[in-house]
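Let's take a walk through this one together. Have a look at the chain below, and then we'll go from the overall picture down to a few residues that deserve a second glance.

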Amino acid sequence: MTDAVPRGPIVYPETDGLPMPDGEYQSITWRYLLDALKAHYRGRGVYAAGDLFVYLEEGNPKNCIAPDLFVVLGASDHKRDTYKVWEEPGGMPDFVLEIVSPSTWRRDLGAKRARYAALGVGEYWLHDPHGRYLQPALAGYRLVDGSYVPLPSQGRARGLSIRSDVLALDVLLEGERLRFFDPVGKRFLPTYDEAEARIAELERLLDERAD
């Protein structure tokens with residue numbers, strides 16, 4: 001009879017060590033989208049992240065996804081090193097956006113889309129920064145009966161607009177530029193830094209009036 005070999009703690013790596021997404025344009029777009037969502041949903045029980053592993057099964061670090069951008073409703077917005085579905089009251093991401101690149105576009109349009117549907121992700125979005133692999137260069141899909149169906153798009157003078165039911169925001173494509181628009185507040189979402197600067201300016205004005 002052999003002695004049982006003790007098992008060490010299961011490690012869930014924080015990143016794969018690779019920059020995400022590819023290229024300068026993708027990086028600028030991704031950073032704006034993430035910062036804008038973080039500022040918009042701050043303190044409202046919504047978590048937005050990117051360049052982060054989402055682990056799907058406790059005890060199995062190989063079972064994970066790594067969306068370019070994802071949003072979870074009903075989750076606190078505190079910082080995380082990884083997102084473990086079984087530990088989170090919000091559960092699976094509700095919104096996923098992938099930025100298409102030469103190395104990922106086939107998976108984004110095929111196997112990855114099928115996997116997100118099987119996982120029950122409510123909306124799956126694709127953005128092709130230069131329109132090389134996807135026409136139009138922005139597409140959104142809603143999960144219906146286990147399959148994704150296209151969200152309706154609307155042409156505008158400045159570009160293409162698609163409403164996200166999950167985010168309650170319009171996603172606008174203006175040329176190669178991607179932005180979020182709040183149809184209630186009738187404004188483009190500012191970046192996190194822009195929102196912080198706006199709050200600081202309002203606080204300064206209030207202090208001046210109080211003096």
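How many helices and strands make up the secondary structure of the chain? The count comes to 4 helices and 14 strands. Keep in mind that this is a predicted model. The chain has 211 residues, and 44% of them count as buried. If you take the contacts between residues at least 6 apart in sequence, 56% of those join residues at least 24 apart.

**The cores**

Start with the inside. The largest nonpolar core has 28 residues, and the members that touch the most others are Leu37, Phe95, Leu97, Trp125, Leu138, Leu167 and Phe180. Which elements give two or more residues to this core? They are helix H1 (24-41) and the strands S1 (46-49), S4 (69-73), S6 (95-99), S11, S12 and S13. H1 gives the most, with 7 residues. There is also a second, separate core of 22 residues, and Tyr47, Leu56, Val121 and Leu126 are among them.

Leu97 is a handy place to stand in the largest core. Apart from neighbours within four places in sequence, Leu97 contacts Leu33, Asp68, Leu69, Trp125 and Leu178.

**Strand S13 and its two partners**

Leu178 leads us on to S13, a strand that spans 177-182. Is S13 enclosed or open to the outside? Since 5 of its 6 residues are buried, S13 is largely enclosed by the rest of the structure.

On one side of the story is S12: the two strands run antiparallel and are joined by 5 bridges. Leu173 has Leu178 in S13 as its bridge partner. The hairpin of S12 and S13 has 2 residues between the strands, and Gly175 takes a positive phi near 65° there.

Then comes S14, which is antiparallel to S13 and joined to it by 2 bridges. Here Asp182 has Arg187 of S14 as its bridge partner. This hairpin has 4 residues between its strands, and Lys186 sits in the turn.

**Backbone oddities**

Most residues other than glycine have a negative phi, and most peptide bonds are trans. Against that background, a few spots are worth clicking on. Here are two non-glycine residues with a positive phi, side by side:

| Residue | Phi | Loop between | Relative accessibility |
|---|---|---|---|
| Ala168 | near 55° | S11 (159-164) and S12 (169-174) | 46%, partly exposed |
| Lys186 | about 55° | S13 (177-182) and S14 (187-188) | 65%, exposed |

Why does Lys186 count as exposed? Its relative accessible area is 65%, and the cut-off for exposed is over 50%. Ala168, at 46%, counts as partly exposed.

The peptide bond to look at joins Gln135 and Pro136: it is cis, with omega about -5°. Pro136 is in the loop between strand S7 (123-127) and strand S8 (138-144).

**A glycine in S8**

Follow that loop into S8 and you'll reach Gly140, which is in this strand. Is Gly140 buried or exposed? It is buried, with a relative accessible area of 3%. Leaving out neighbours within four places in sequence, Gly140 is in contact with Tyr124, Trp125, Val149, Pro150, Leu151 and Ile162. Trp125, you'll recall, is also listed among the residues of the largest core that touch the most other members. Gly140 and Ser153 are 13 residues apart in sequence, with 8.5 Å between their C-alpha atoms.

**A small open sheet**

Elsewhere, three strands make an open sheet with mixed pairing, in the order S3-S2-S5. S3 (64-65) and S5 (83-84) are the edge strands, each pairing on one side only. S2 (residues 54-55) pairs with S3 in the antiparallel sense over 2 bridges, and Val54 stands opposite Ile65 in S3.

**The second largest pocket**

Last stop: a pocket. How much space lies in the second largest one? About 390 Å³. It is lined by 20 residues, and Leu34, Lys38, Tyr47, Ala48 and Lys79 lie nearest its centre. H1 and S1 are the elements that give two or more residues to this lining, and H1 has the largest share, with 7 residues. By type, the lining divides into 10 nonpolar, 2 polar and 8 charged residues. Tyr47 is a link back to the inside, as one of the residues of the second core.

Technical notes: Residues numbered from 1 in each chain as written. Predicted model: local features only at pLDDT ≥ 70, side-chain atom pairs only at ≥ 80, totals over all residues. Heavy atoms only, no water. Buried < 20%, exposed > 50% of the residue type's maximum accessible area, 1.4 Å probe, protein only. Core = buried A, V, L, I, M, F, W, Y, C linked by side-chain atoms within 4.5 Å. Contact = heavy atoms within 4.5 Å. 1 Å grid on protein atoms, 1.4 Å probe; cavity = no way out; pocket = protein on both sides within 12 Å on 5 of 7 lines; lining within 4 Å. Points joined across faces, edges and corners; volume = space filled by probe spheres on them. Nonpolar A, V, L, I, M, F, W, Y, C, P; charged D, E, K, R; others polar. Pairing = 2+ DSSP bridges.
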